[in-house]
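Subject: Handing over the structure, with notes

Dear colleague,

I am passing this structure on to you, and I would be glad if you kept it open while you read. My notes come after it.

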Amino acid sequence: PRCSVCDAVCKGQYLVCDEAVYCSKACLGTVVPQCAICGELVSTGKVNLSIYGKRHYCATCGDLPPCSACGSPCRGGELPDGRIICAECAPTAIEDQHAAQQLFDAVRADLAGEFGIPNDHVILLRLVDRKEMESSTGKREEEDKQMRGYFRYSYASGKKPVRGVDDKCEIFILNHLPRDFMRDTMAHELVHDFLRHEVGDIDDDLLEEGFCEALAADYNIRLGLDNHNLMRTLSDSPVYGEGYRKMRSYVEQNGWPAALEEMRKHGRPIGE
């Protein structure tokens with residue numbers, strides 16, 4: 001018989017699947033997907049979508065713990081705070097404050113140039129592990145698995161604060177995030193900072209998170225990283241996912257200036 005893929009004459013042992021003949025496992029693998037981890041042919045199992053594309057996993061590997069960054073099942077290394085990171089995400093993961101600060105400064109400059117977001121005031125960047133993030137936000141990972149960053153704003157009560165003088169702006173970012181993930185997270189949190197100063201306290205979480213997600217997604221597109229927006233599109237979060245899709249649709253129809261004006265309708269100036 002001849003191989004159904006390469007047309008080579010099959011000598012000795014060969015494989016048969018659905019009445020078709022294959023000379024090798026490699027040829028069969030072009031028709032039947034292979035597990036992305038162990039390489040075994042997958043007849044039943046799990047399909048996962050991530051920034052790395054569509055991947056198949058056998059039943060055993062599909063039950064492995066997910067990478068804390070991309071969400072794919074993995075046999076990755078365990079970080080000191082218990083998170084797991086896969087072999088593809090680990091090489092670009094940022095774990096020290098200096099490297100994170102350099103990226104942060106670059107993202108601020110990009111957002112200023114691309115979207116006109118001011119970068120003339122001090123924002124303290126704090127690179128933290130999961131436990132420190134939970135302590136800072138008051139949320140456990142089980143409550144918000146998307147918590148990779150957090151913006152905290154404080155000011156002396158009793159008067160309207162002057163930006164950079166009477167207020168304090170802090171952004172907390174999870175350490176060991178891959179560079180592109182960290183850039184995305186920083187952009188999202190910087191938009192929170194922009195809205196707090198430009199609009200004030202916003203009474204609609206879905207609207208605010210949707211605006212931050214949509215602008216960060218637009219930033220990804222301008223960087224050629226639209227694949228990082230896949231999980232936003234698929235997210236079942238009633239705040240982040242639904243908020244993103246609604247704001248994305250609004251911006252596509254009306255533009256960013258109109259979206260900002262819509263935010264102003266739901267904002268109350270700080271100190272008033």
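The notes below go through ring pairs, salt bridges, a surface patch, one helix and two backbone angles.

Please keep in mind from the start that this is a predicted model.

I began with the aromatic rings, and a search of the whole structure finds three aromatic pairs. One of them is formed by Phe151 and Tyr153, whose ring centres are 6.4 Å apart and whose planes make an angle of 25°, and this pair is stacked. Both of these residues, Phe151 and Tyr153, are buried. Another pair brings together Phe211 and Trp256, and because their planes stand at 75°, with the ring centres 5.2 Å apart, it counts as edge-to-face. Phe211 belongs to helix α6 (residues 205-222) and Trp256 to helix α9 (residues 256-264), so this contact ties together parts that are 45 residues apart in sequence. Phe211 and Trp256 are buried as well.

The next topic is charge. How many salt bridges does the structure hold? The count is 17 salt bridges, and I picked out a few that you can follow on the screen.

In one of them, Glu88 is joined to Arg55, with 2.5 Å between the closest N and O atoms. This pair links distant parts of the chain, since Glu88 sits in the loop between β6 (84-85) and β7 (93-94) while Arg55 is in strand β4 (residues 53-58), 33 residues apart. Glu88 is partly exposed, at a relative accessible area of 40%, and Arg55, with a relative accessibility of 22%, is also counted as partly exposed.

Arg264 deserves a careful look, as it appears in two of the bridges I chose. With Glu198 it forms a salt bridge in which the closest N and O atoms are 3.0 Å apart, and this pair again links distant parts of the chain, with Arg264 in helix α9 and Glu198 in helix α5 (residues 179-198), 66 residues apart. Arg264 also forms a salt bridge with Glu261, where the closest N and O atoms are likewise 3.0 Å apart. Here the two partners are three residues apart in helix α9, so about one helical turn separates Arg264 from Glu261. It may help to recall that an α-helix has 3.6 residues a turn, so residues three or four places apart point the same way. The three residues are partly exposed, with relative accessible areas of 32% for Arg264, 33% for Glu198 and 43% for Glu261. Elsewhere, salt bridges that share partners connect Arg196, Asp201, Glu208 and Arg268 into one network.

On the surface, Leu49, Met231 and Leu234 make a nonpolar patch of about 250 Å². Leu49 is found in strand β3 (residues 45-50), and with a relative accessibility of 39% it counts as partly exposed.

Helix α8 (residues 240-254) makes a good exercise in reading a helix. It has 15 residues and reaches 20 Å from its first C-alpha to its last, which is close to the 21 Å expected at 1.5 Å a residue. Which residues of α8 are buried? They are Tyr240, Gly241, Gly243, Tyr244, Met247, Arg248 and Val251. Because these residues cover an arc of only 155° around the axis, they lie on the same side of α8.

Finally, there are two backbone angles to check. Most residues other than glycine have a negative phi, and most peptide bonds are trans. Asp7, however, has a phi near 70°, which is a positive value in a residue other than glycine. Asp7 lies in the segment before β1 (15-17) and is partly exposed, with a relative accessible area of 47%. His176 has a positive phi too, near 60°, and it lies in the loop between β10 (167-174) and β11 (177-178). Is His176 buried or exposed? Its relative accessibility is 17%, and since buried means under 20%, His176 counts as buried.

With best wishes

Conventions:
Residues numbered from 1 in each chain as written. Predicted model: local features only at pLDDT ≥ 70, side-chain atom pairs only at ≥ 80, totals over all residues. Heavy atoms only, no water. Phe/Tyr/Trp six-rings, centres within 6.5 Å; stacked < 30°, edge-to-face > 60°. Buried < 20%, exposed > 50% of the residue type's maximum accessible area, 1.4 Å probe, protein only. Helix = DSSP H or I, 4+ residues; strand = E, 2+ residues; numbered from the N terminus. Salt bridge = Lys/Arg side-chain N within 4 Å of Asp/Glu carboxyl O. Patch = residues over 30% accessible without salt bridge, like charges linked within 9 Å, V, L, I, M, F, W, Y side chains within 5 Å. Areas by Shrake-Rupley, 256 points an atom, 1.4 Å probe, with all protein chains shown as cover. Expected span 1.5 Å × (residues − 1). Arc of directions from axis to C-beta.
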